[in-house]
Amino acid sequence: EGDFAKRTAARLEQIQTQLKAKPRGYRLKGKVGIITGVGSMVGIGRAAALQFAHEGAAHLYLIDFDPTNLPNLKSTIEGKYPDVKVTTLAADAADDAAISGVCKQALQEEGRLDVFFANAGIATQQPLHDTSAETFMNTMRINGLSCFLALKYGSEAMLKTNPSRGKELGGGSIIMTASVAGIRSGAGTVDYSASKSAVNNMAQTAANQLSKTDIRVNSICPGLIETGMTTGVFQYARSKGAGGKIGQLNPLGRYGIADEIANVATFLASDDASYVNGQNIAVDGGLTSSVPVVP
Ligand code: NAD
């Protein structure tokens, strides 16, 4: 256990050090983006907001229904990247009026919307027989409807963007955070897995409908990532002296960190991904493509 934990810690430290030393890039130069679920200090949304800023985004609209950490995120970005404009909004990512409103706001203020990263989500813990209809609908609403609204209003705003390409050409990137639980059953509760399967399917269906407008739609399927959502899992394992075993059966032999998901979101947001469309991209160390073997 000790060696395993040490190796994981060393590798993750190396990844974080490399990221910190990465020179500023401009892969998102001039782009206007919306990200939901940015409020967790250790979450994927915050990591993505910082990376989008690092890559020179022009204006980021950052949303979470929990306002606690929004001022910190805004001042961190503005302090580090004075050329990036930040607007934070305390809102529910599954609220029709809030999402339609922020898309309109981006158009009004910047005349464009280039990226929508629909990342907000909740996980549930209860087994099937303890899942009420209300819990099921709430998980579908937050995880599923939030992505639908990003697709509907995000693409509408993107279609009014980029007049130089011709209005009909639109252009833009919509990225949604699904999960490995939306690819393979076994991980997650029934309501959570169902909601993430819906996200994966929406990525494919919407990509098809929008492809003539050059709006790309993709979902990211993270494996086990240490964030606010999984704090309980990590704390429990560590309290039992089994911290080093977390991720042991993963082909890479470890769990992941938020920046490793943000790296992929940043790529998908950029024009480097101009031919990546309609994909459910697993970022899981190889978990969903492997048969676990005893180490
Ligand atoms: P996190 O809990 O650290 O962050 C999620 C953030 O989303 C929180 O700040 C929360 O307040 C916010 N949020 C939740 N519901 C919201 C709503 N309705 N409106 C606005 N904000 C809302 O967890 P995370 O791991 O960074 O989660 C990001 C996404 O990644 C989620 O969609 C989650 O399902 C997905 N995911 C995470 C893992 C993992 O192992 N951490 C694995 C697969 C998928």
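This is a short talk on the sheet and three of the helices in one model.

Okay, so before anything else: what you're looking at is a predicted model. Let's start with the sheet. There are seven strands in it, the sheet is open, and the pairing is parallel. If you read across, the order goes 3-2-1-4-5-6-9. At the edges you've got strand 3, residues 85–90, and strand 9, residues 280–283, and each of those pairs on one side only. Going from one strand to the next, the twist averages 15 degrees.

Let me zoom in on one pairing. Strand 2, that's residues 59–64, runs parallel to strand 3, and there are six bridges between them. If you want a spot to click on, try Tyr61, which sits opposite Thr87 of strand 3.

Now, the helices. Which strands does helix 5 lie across? Helix 5 covers residues 133–159, and it lies across strand 1 (32–36), strand 4 (115–118), strand 5 (172–177) and strand 6 (215–222). Relative to strand 5, helix 5 runs at about 175 degrees. Then there's helix 6, residues 190–210, which also packs on the sheet. Helix 6 touches strand 5, strand 6 and strand 9, and its direction makes about 165 degrees with that of strand 6.

Last one: helix 8, residues 258–269. From first C-alpha to last, its 12 residues reach 16 Å, close to the 16 Å expected at 1.5 Å a residue. So is helix 8 mostly covered or mostly open? Mostly covered, with 10 of the 12 residues buried. Among the buried ones are Asp259, Glu260, Ile261, Val264 and Leu268.

That's my tour; over to you.

Conventions:
Residues are numbered from 1 along each chain as its sequence is written. This is a predicted model: local features need pLDDT of at least 70, side-chain atom pairs count only at pLDDT 80 or more; totals for chains, interfaces and linings use all residues. Two strands pair if DSSP finds at least two bridges between them. Helices (H or I, at least four residues) and strands (E, at least two) are DSSP runs, numbered from the N terminus. Axes are lines fitted to C-alpha atoms, for helices over the stretch in contact, and angles run from 0 to 180 degrees between N-to-C directions. Two residues are in contact if their C-beta atoms, placed from the backbone, lie within 7 Å. The expected span of a helix is 1.5 Å times one less than its number of residues. A residue is buried if 20 or more other C-beta atoms lie within 10 Å of its own, exposed if 12 or fewer, and partly exposed in between; C-beta atoms are placed from the backbone.
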